[in-house]
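This briefing introduces a protein model by topic, beginning with its pockets and moving on to its salt bridges and one of its sheets. Please keep the sequence and the structure in view while reading.

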Amino acid sequence: MKIPLEWLKEYVTIRLKPSVLAQRLTMAGLEVVGIEEVGNETVFDLEITPNRADCLSIIGVAREVAAITGERLKRPTIQSLKQGNRKSSRPPPPATEPAQSLLARECRETLVSRHSRPLVIKIEDPSGCARYVGRLISDVRVEPSPAWMQQRLLACGIRPIHNVVDVTNYVLLEYGQPLHAFDAKLLEENRIVVRQARLGESITTLDGIRRVLDAQTLVIADGKKPVAIAGIMGGQDSAVFESTTEVLLESALFDPVSVRRMSRALGIASESSYRFERGVDPGGVELASRRAADLIGQLARGNEAFVADVGKKPAAQKPIALDARRIEKWLGVAVAIPTVRTSLARLGCRVASSGSDNRLAVYPPSFRLDLKSDSDLCEELARLIGYEHIPGNIPTRPLSFDRQAALNFSRTQSLRCFCASLGLVEAMSFTLLSEQDLKRCGFFSEKAVRLANPLSQDHAYLRPSLLMGLLQAVRRNLTQGVEGVRLFEVGNTAEAQSLEQPRLGIILSGKWSRDWNQNIDGDFFRLKGLVESLLSRLCAGIVKFESTALAWASSAEAAHVKLNDQVIGVIGKVSSPIQESLDLEKPVWFAELSVAQMIGFARSVPSVSAPAVIPALKRDLSILLDGKTLYEQVEAAIWKGGSPLICQAKLVDRYTAEPVPAGKASLTFSIEYRHPERTLTAAEVETVHSRITETLRAECGAVLR
């Protein structure tokens, strides 16, 4: 925000050099990012944090300077418009006042109508507009504003228009309260209604663009049509021009969330919306209206004809309990109670005792919407003391230690390390995605978690799976010429009616290995082997894969991953429609596992086996069986028949072409036998081998080839 130094000096005495003042403001939290000369005037460029909406005005910054330096805050003297036909060529002199007494004095005065046909003002949506002050000013002469006002507006980056509009912008910069002026004679039915837009309504805003409004847009309407988008921009049909003689001056309190949503949806950003989005002073709505009316009386010779104040008056701020003994714990430095009282009073707070000498009840001023708790007050004390004057201390309070959380973190890190050791590269994808991404991968948007106020429709949902982000990573890598992609990600996913869950996603596409003597592609079995290696290394239990149907996977290559008969994840080949929608020419395989369940089955002691001393004896076994027989059934039969001497059974070939009969499959296994204490004889191995064959015949219908 641009702050002309000479304008600032009208509200607070400044005895510091500009460079010193800039440094003091920066250390107090109002960063001065630049000092420039505009004409013959020094202008500060301030970076205002979102929580300090009270500093989006000249008086707000002056209030901070007064609090930092101990000077008194001065406000403009606001005169009544009864006199009429007043004109000023220079800014009115300010009146000196203690900062903490201003709000009480300003809110006591109430104005009444002095017009035979008062304008009807109605709020139909009190949640979007809590208060609306309308002032009808007659006998207005619209002409260029005086040079002093034009110079100040230009120094702040605002183009002068004419005296009425310039006054609204001037008071916006001065008080931080957005205002708007309507040509009162152009308002249909002598009426103002604050309501939601109706179906099919539109408005041509002051920037010349015609905008179609939805039912969630709050508008200021006359008796027939919208004349402004509440808190954002007025309409051309009711704008003030040189021919205007009656002005309706609007000063209102709009809901920040509503203004922010409308601004994003309509693509409009204005000085008004910038302030309403962050919250304006509820106690300054009527004051800013009186100030602007006074200036219009001076510069445009207007006379006040009617005033309407509709809606709720600002309620008193709730007190914040502050235990002075906690201040030292928060700041690391002791602060005397008289200093606490004086410092908070300089900020506009009212401080009262609360039961004991150490307990205070602090009533924040209406313009400090960010003061909610005792920690906020401690931060304010630190700002006024000066961070540079607070000594550095090592905290003495013991830190809590959650052993289970630390153990889970350690195991998650081990999971990452082991994935990397398997040849996978870690990826990090976006947590938010669009409805199109959800539907593309077969997820229902109704079951996904939608953000209440998304920044864009491309980032409207929390991801229910890691699949969408990893698919985009695969696409980017392949389009950049990478021949083989093998990625993993550990991240949170969310579904409706459930908490976020950490998951592990693994995705493969293209070449797995490219050496001079081998050229291996990634495939389902490569991914299945990675999952098996991961689970057998980190978890205790039996791993199984059970065929199933998945929305995102090909029907023939999709399975549940089970650990100790519990489903802990899924694995499969990404379906062709999804690949085509992303222009992926190479097949993609994906697996997703629950990290929480894996940690639940984690080994308490690492699993190790001593190297075998006795050599194993190998035998091959080729069988013919029905092609629909599950591999798990065949594997179980082999181990059942070969126990306890069998130590490994590995499928080395599966053949279904001729001369194998249709519907049949030929499987060849390499089986190893070993005795833990001695070398087996050929006769012992043949006996066990024959028993395996009989078990396969009995339980799987297998025929020896």
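Of the 40 residues that line the largest pocket, Phe-525, Lys-528, Phe-545, Tyr-631 and Glu-632 lie nearest its centre. The model is a predicted one, and the largest pocket in it holds about 1,600 Å³ of space. A search of the whole structure also finds 41 salt bridges.

**The largest pocket**

- Three helices or strands that each supply at least two lining residues are helix 16 (524–538), strand 26 (543–547) and strand 27 (553–563), and the list also includes strand 30 (617–626).
- Further along the chain, helix 19 (631–642), strand 31 (646–655) and strand 32 (664–673) each supply at least two residues as well.
- Helix 16 gives the most to this lining, with seven residues.
- Sorted by class, the lining of the largest pocket contains 19 nonpolar, 13 charged and eight polar residues.

**The second largest pocket**

- The volume of the second largest pocket is about 920 Å³.
- Its lining is made up of 35 residues, and Val-165, Asn-169, His-180, Leu-206 and Met-233 lie nearest its centre.
- At least two lining residues come from each of helix 6 (163–175), strand 8 (179–183), strand 13 (226–229), strand 14 (233–234), strand 15 (247–254) and helix 8 (271–278).
- The lining of the second largest pocket has 20 nonpolar residues, 11 polar residues and four charged residues.

**Salt bridges**

- Side chains of opposite charge can pair when their charged atoms come close.
- One such pair is Glu-64 and Arg-52, whose closest N and O atoms are 2.9 Å apart in a salt bridge. This pair links distant parts of the chain, 12 residues apart: Glu-64 belongs to helix 3 (residues 58–69), while Arg-52 sits in the loop between strand 3 (41–47) and helix 3.
- Are the two partners buried or exposed? Glu-64 counts as buried because its relative accessibility is 2%, under the 20% limit. Arg-52 is likewise buried, because its relative accessible area is 5%.
- Glu-304 and Arg-135 form a salt bridge through their side chains, at 3.0 Å from N to O. Here the partners are 169 residues apart and again join distant parts of the chain, with Glu-304 in strand 16 (residues 303–311) and Arg-135 in strand 7 (residues 129–138). Both Glu-304 and Arg-135 are buried.
- A salt bridge of 2.7 Å, N to O, brings together the side chains of Lys-225 and Asp-222. Lys-225 counts as partly exposed because its relative accessibility is 24%, whereas Asp-222 is buried, with a relative accessible area of 3%.
- Salt bridges with shared partners join Arg-52, Asp-54, Glu-64, Arg-368, Asp-370, Glu-380 and Arg-383 into one network.

**A three-stranded sheet**

- Three strands, in the order 1-3-2, form an open sheet with antiparallel pairing.
- Strand 1 (2–4) and strand 2 (31–38) are the edge strands, each of which pairs on one side only.
- From one strand to the next, the twist averages 30°.
- How many bridges pair strand 2 with strand 3? The two strands pair in the antiparallel sense over seven bridges.
- Gly-34 stands opposite Asp-45, a residue of strand 3.

Key
Residues are numbered from 1 along each chain as its sequence is written. This is a predicted model: local features need pLDDT of at least 70, side-chain atom pairs count only at pLDDT 80 or more; totals for chains, interfaces and linings use all residues. Side-chain values use heavy atoms; hydrogens and water are left out. On a 1 Å grid over the protein atoms alone, a cavity is a set of points where a 1.4 Å probe fits but cannot get out, and a pocket is an open set with protein on both sides within 12 Å along at least five of seven lines; lining residues have an atom within 4 Å of a point. Grid points are joined across faces, edges and corners, and a volume is the space filled by probe spheres set on the points. Helices (H or I, at least four residues) and strands (E, at least two) are DSSP runs, numbered from the N terminus. Ala, Val, Leu, Ile, Met, Phe, Trp, Tyr, Cys and Pro count as nonpolar, Asp, Glu, Lys and Arg as charged, and the others, Gly among them, as polar. A salt bridge is a side-chain nitrogen of Lys or Arg within 4 Å of a carboxyl oxygen of Asp or Glu. Buried means under 20% relative accessible area, exposed over 50%, partly exposed in between (1.4 Å probe, protein chains only). Two strands pair if DSSP finds at least two bridges between them. Axes are lines fitted to C-alpha atoms, for helices over the stretch in contact, and angles run from 0 to 180 degrees between N-to-C directions.
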